Amino acid sequence: MKREKVLVGMSGGVDSSVAAAYLLENGMDVTGCTLHLFDQNPLIPDFSASEDAKAVCEKLGINHTLLDLRERFSQTVINDFIKEYYLGRTPNPCIVCNKNIKFDEMLNFALDNGFDKIATGHYALIEQNSEGRFLLKRAADHSKDQTYVLYSLTQHQLAHTVFPLAQITKDTARCVAERYGFSNAHKPDSQDICFVPDGDYASFIENFTGKPYQKGNYIDENGCVLGQHNGVIRYTIGQRKGLGIALGKPAFVTQKDADNNTVTLSTDENALFYSKVLVENVNFIPFDTLEKTMNVKAKLRYRHTEQPAIISPLDNGQILIEFNSPQRAPSPGQAAVFYDGDIVVGGGTILKGVK
């Protein structure tokens with residue numbers, strides 16, 4: 001009987017390493033694949049992901065390949081990241097990367113080269129329902145669940161993807177890595193954007209483009225000038241710290257206007273709360289389109305605890321989320337993701353909060 005061939009995206013971390021080991025244990029024909037996404041240079045350091053992944057593959061006795069996607073990554077992820085900040089939004093490059101790189105370019109490479117499926121070390125679960133529809137569900141370890149950054153997956157992508165870590169915890173993954181003697185068994189989890197490892201995304205944008213961002217005015221809700229900011233790209237909705245201005249009481253970023261290069265501040269935190277949020281560029285998983293209102297739980301950030309809400313389709317293809325209670329700082333450019341229990345209903349990009 002022919003073994004299923006799986007190409008495993010291996011970042012050099014413990015999760016993707018254990019994913020490869022699990023697939024091998026289950027009798028699959030496994031090859032490791034590290035994505036070459038950017039060059040080593042002073043702006044984007046290289047953490048030797050390929051060498052770590054290659055060492056794991058040698059330990060497992062499987063082949064390892066390096067897939068050069070630098071041009072595609074720069075065009076679709078880095079350029080989008082910079083464009084979104086220039087527009088005054090707050091992007092999530094991991095979602096863009098999953099949609100256009102890992103589950104598009106890597107999947108296409110796999111299918112073109114005789115593989116049946118791809119696999120990654122994401123903590124998420126794929127199931128097929130009685131109607132043959134593929135569903136994306138939360139991982140058993142809810143504390144590590146990564147379905148928020150996977151909501152854009154299509155039926156084609158889900159049908160050709162395996163998440164071997166769906167039923168285990170992170171602690172179990174590290175124990176498995178120890179059992180195999182992987183050198184990365186206790187490698188820390190990555191907390192930052194891969195191409196901005198120091199977290200200073202504003203400096204990255206300025207260095208990458210060679211264009212320092214212009215200073216501008218802080219204004220209040222009435223448009224009165226309060227002081228000067230250091231560039232719209234350096235601020236996020238809801239931010240309180242690092243503003244460099246004293247107003248006698250805590251101030252919060254409530255709006256950003258890239259066209260006029262202004263950042264609106266308010267000392268009233270209630271100005272950050274919205275009961276309604278508009279969402280665009282929506283993808284649904286259990287069905288193709290939302291035909292009527294639906295009760296869900298929705299989250300507006302990766303670490304946001306999902307909240308009861310109603311989602312409604314609008315004529316222009318957008319979705320209106322109406323929360324049971326107002327939510328703090330919905331940020332344009334971030335993702336809103338909808339859940340029905342453990343099932344990911346879908347998600348989209350936040351356009352704006354609506355009072």
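**Close-up views of a predicted model**

**View 1. Gln214 counts as exposed, with a relative accessibility of 58%.** That figure is over the 50% needed for the label. The model shown here, and in every view below, is a predicted one. Look for Gln214 in the loop that links H7 to S8. Leaving aside residues up to four places away in sequence, Gln214 touches His229, Asn230, Gly231 and Asn261. Val232 sits 18 residues from Gln214 along the chain, and their C-alpha atoms are 8.1 Å apart.

**View 2. Glu206 sits in helix H7, residues 201-209.** Is Glu206 buried or exposed? Glu206 has a relative accessible area of 15%, so it goes down as buried, the cut-off being under 20%. Its contacts, again not counting residues up to four places away in sequence, are Lys211, Pro212, Tyr213, Ile233 and Arg234.

**View 3. Strands S9, S8, S11 and S10 line up, in that order, as an open sheet of 4 strands.** The pairing here is mixed. S9 (225-229) and S10 (252-257) are the edges, each pairing on one side only. On average, neighbouring strands in this sheet are turned by 30° against each other, ignoring direction. S8 (residues 216-219) and S11 (residues 262-266) run parallel and are joined by 3 bridges; Tyr218, for instance, has Val263 of S11 as its bridge partner. S10 and S11, on the other hand, run antiparallel, with 5 bridges between them. One of the bridge partners here is Leu265 in S11, matched with Val253. The hairpin of S10 and S11 has 4 residues between the strands, and there Asn261 takes a positive phi near 55°.

**View 4. Strand S11 is mostly covered, with 5 of its 5 residues buried.** In a regular strand, side chains alternate between the two faces of the sheet. Which residues of S11 are buried on each side? Thr262, Thr264 and Ser266 are buried on one side, and Val263 and Leu265 on the other, so both faces are covered.

**View 5. Five strands form an open sheet with parallel pairing, in the order S3-S2-S1-S4-S7.** At the edges, pairing on one side only, are S3 (63-68) and S7 (161-162). S4 (residues 117-119) runs parallel to S7, and 2 bridges join them; Ile118 stands opposite Thr161 of S7. Two helices belong in this picture as well. H1 lies across S1 (5-9), S2 (29-36), S4 and S7, and runs at about 165° to S1. Helix H2 (residues 49-60) lies across S2 and S3, running at about 155° to S3.

**View 6. Helix H6 (residues 170-180) has a buried set made up of Lys170, Ala173, Arg174, Val176 and Ala177.** Viewed down the H6 axis, these buried residues fall within an arc of 160°, so they line one face of the helix. An α-helix has 3.6 residues a turn, so residues three or four places apart point the same way. What do the buried residues of H6 pack against? They pack against helix H1 (14-25). Over on the other side of H6, Asp171 and Arg179 are exposed. Right after H6 comes Gly181, with a positive phi near 75°.

**View 7. Helices H3 (residues 70-86) and H4 (residues 93-112) pack together, with their axes 9 Å apart.** Their packing angle is about 165°, so the two are roughly antiparallel, a label for angles over 145 degrees. The crossing of H3 and H4 is right-handed. On the H3 side, the residues that meet H4 are Arg72, Phe73, Thr76, Val77, Asp80 and Phe81. On the H4 side you'll find Pro93, Val96, Cys97, Asn100, Ile101, Asp104 and Glu105.

**View 8. Strand S12 (residues 273-284) pairs with S15 and with S17.** Strands of a sheet pair through backbone hydrogen bonds, either parallel or antiparallel. With S15 (residues 319-328), the sense is antiparallel and there are 6 bridges; Tyr274 stands opposite Gln327 of S15. How many bridges link S12 and S17? There are 7, and S12 and S17 (residues 343-354) pair in the antiparallel sense. Asn283 stands opposite Gly347 of S17.

Terms used:
Residues are numbered from 1 along each chain as its sequence is written. This is a predicted model: local features need pLDDT of at least 70, side-chain atom pairs count only at pLDDT 80 or more; totals for chains, interfaces and linings use all residues. Side-chain values use heavy atoms; hydrogens and water are left out. Buried means under 20% relative accessible area, exposed over 50%, partly exposed in between (1.4 Å probe, protein chains only). The arc is that of the directions from the helix axis to the C-beta atoms. Contact means heavy atoms within 4.5 Å. Two strands pair if DSSP finds at least two bridges between them. Axes are lines fitted to C-alpha atoms, for helices over the stretch in contact, and angles run from 0 to 180 degrees between N-to-C directions. Angles under 35 degrees count as roughly parallel, over 145 as roughly antiparallel, 65 to 115 as roughly perpendicular and the rest as oblique. A crossing is left-handed if the near helix is turned anticlockwise from the far one by less than a right angle, and right-handed if clockwise.
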